[in-house]
Amino acid sequence: MKQQNKRNIQRFSFAFNVYDKDGNLLGVTKNISSDGFFLETKKNINKDALNISIELPRELGTLSLDCTVVRNEDTGIGTKLFLDDENRKNFSRMIENLNE
């Protein structure tokens with residue numbers, strides 16, 4: 001399920017569990033792109049920078065990422081991922097492959 005945001009970056013509707021650095025469940029992704037994701041959560045997350053782990057499907061394991069909170073809403077938070085160009089391409093390819 002592809003979605004487009006106003007910046008024309010392809011987003012995919014995936015529900016991945018997201019954990020903080022201590023392994024506590026923060027919430028579930030609503031959508032994800034090569035730039036970030038929206039995390040549906042009832043937790044009050046006021047940190048600018050987060051080290052998170054995303055539990056991937058298909059026995060792919062867990063992916064650890066650094067991100068920053070760019071938007072707070074009643075239903076969750078919008079994040080921006082800290083990825084260099086090569087890792088962004090690899091991450092983008094991975095989520096596209098999961099969509100197949």
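In which strand does Gly 27 lie? Gly 27 belongs to strand 4, in a predicted model of a chain that holds 1 helix and 8 strands. Along the sequence these elements are arranged as β-β-β-β-β-β-β-β-α. The points below begin with the chain as a whole and then turn to individual residues.

**Overall dimensions and surface**

- The radius of gyration of the chain is 13 Å, which agrees with the value near 13 Å that a compact globule of 100 residues would have.
- Taken along the principal axes, the box filled by the C-alpha atoms has dimensions of roughly 35 × 30 × 25 Å.
- Among the 100 residues of the chain, 43% count as buried, and the area that the chain exposes comes to about 6,400 Å², with carbon and sulfur atoms supplying 44% of that area.
- Of the contacts in the chain with a separation of 6 or more, 42% are made by residues that stand 24 or more positions apart.
- The chain carries 15 positive and 15 negative charges, and the mean positions of these two sets are 5 Å apart.

**The loop between strands 4 and 5**

- Ser 33 is placed in the loop that runs between strand 4 (25-32) and strand 5 (37-40), and this residue counts as buried because its relative accessible area is 0%, against a cut-off of under 20%.
- The side chain of Ser 33 reaches the backbone nitrogen of Asp 35 at a distance of 3.1 Å.
- Once neighbours within four places in sequence are left aside, Ser 33 is in contact with Ile 9, Gln 10 and Arg 11, and also with Leu 81, Phe 91 and Ile 95.
- Gly 36 also lies in the loop between strand 4 and strand 5, and its relative accessibility of 0% is why Gly 36 counts as buried.
- Not counting residues up to four places away in sequence, Gly 36 touches Arg 11 together with Thr 79, Lys 80 and Leu 81, so that Arg 11 and Leu 81 appear among the contacts of Gly 36 and are likewise found among those of Ser 33.
- Gly 36 and Phe 12 are 24 residues apart along the chain, and their C-alpha atoms are separated by 11 Å.

**Buried residues within strands**

- Gly 27, in strand 4, counts as buried because its relative accessibility is 8%.
- With residues up to four places away in sequence not counted, Gly 27 touches Phe 16, Asn 17 and Val 18 as well as Leu 39, Glu 40 and Thr 41.
- Between Gly 27 and Asn 46, which are 19 residues apart in sequence, the C-alpha to C-alpha distance is 14 Å.
- Ile 77 lies in strand 8, which comprises residues 76-81, and with a relative accessible area of 1% Ile 77 is buried.
- The residues that Ile 77 touches, not counting those up to four places away in sequence, are Phe 37, Phe 38, Leu 39, Ile 45, Leu 50, Val 69, Arg 71 and Asn 72; Leu 39 is also one of the residues touched by Gly 27.
- Ile 77 and Lys 89 are 12 residues apart in sequence, while the distance between their C-alpha atoms is 23 Å.

**An exposed loop position**

- Asp 48 is found in the loop between strand 5 and strand 6 (49-55), and Asp 48 counts as exposed because its relative accessibility is 60%, where the cut-off for exposed is over 50%.
- Asp 48 touches Cys 67, Thr 68 and Val 69 when residues up to four places away in sequence are not counted, and Val 69 is also among the residues that Ile 77 touches.
- The C-alpha atoms of Asp 48 and Phe 12 are separated by 24 Å, with the two residues standing 36 positions apart along the chain.

Methods. Residues are numbered from 1 along each chain as its sequence is written. This is a predicted model: local features need pLDDT of at least 70, side-chain atom pairs count only at pLDDT 80 or more; totals for chains, interfaces and linings use all residues. Side-chain values use heavy atoms; hydrogens and water are left out. Helices (H or I, at least four residues) and strands (E, at least two) are DSSP runs, numbered from the N terminus. The radius of gyration is taken over C-alpha atoms; the globule rule is 2.2 Å times the number of residues to the power 0.38. Buried means under 20% relative accessible area, exposed over 50%, partly exposed in between (1.4 Å probe, protein chains only). Contact means heavy atoms within 4.5 Å. Accessible areas come from the Shrake-Rupley method with a 1.4 Å probe; for residues, only the protein chains shown count as cover. Lys and Arg count as positive and Asp and Glu as negative; His and the chain ends are not counted. The place of a charge is taken as NZ of Lys, CZ of Arg, CG of Asp or CD of Glu. A polar contact is a pair of N or O atoms within 3.5 Å; within protein, one must be able to donate a hydrogen and the other to accept it, and residues adjacent in sequence count only if both atoms are side-chain atoms.
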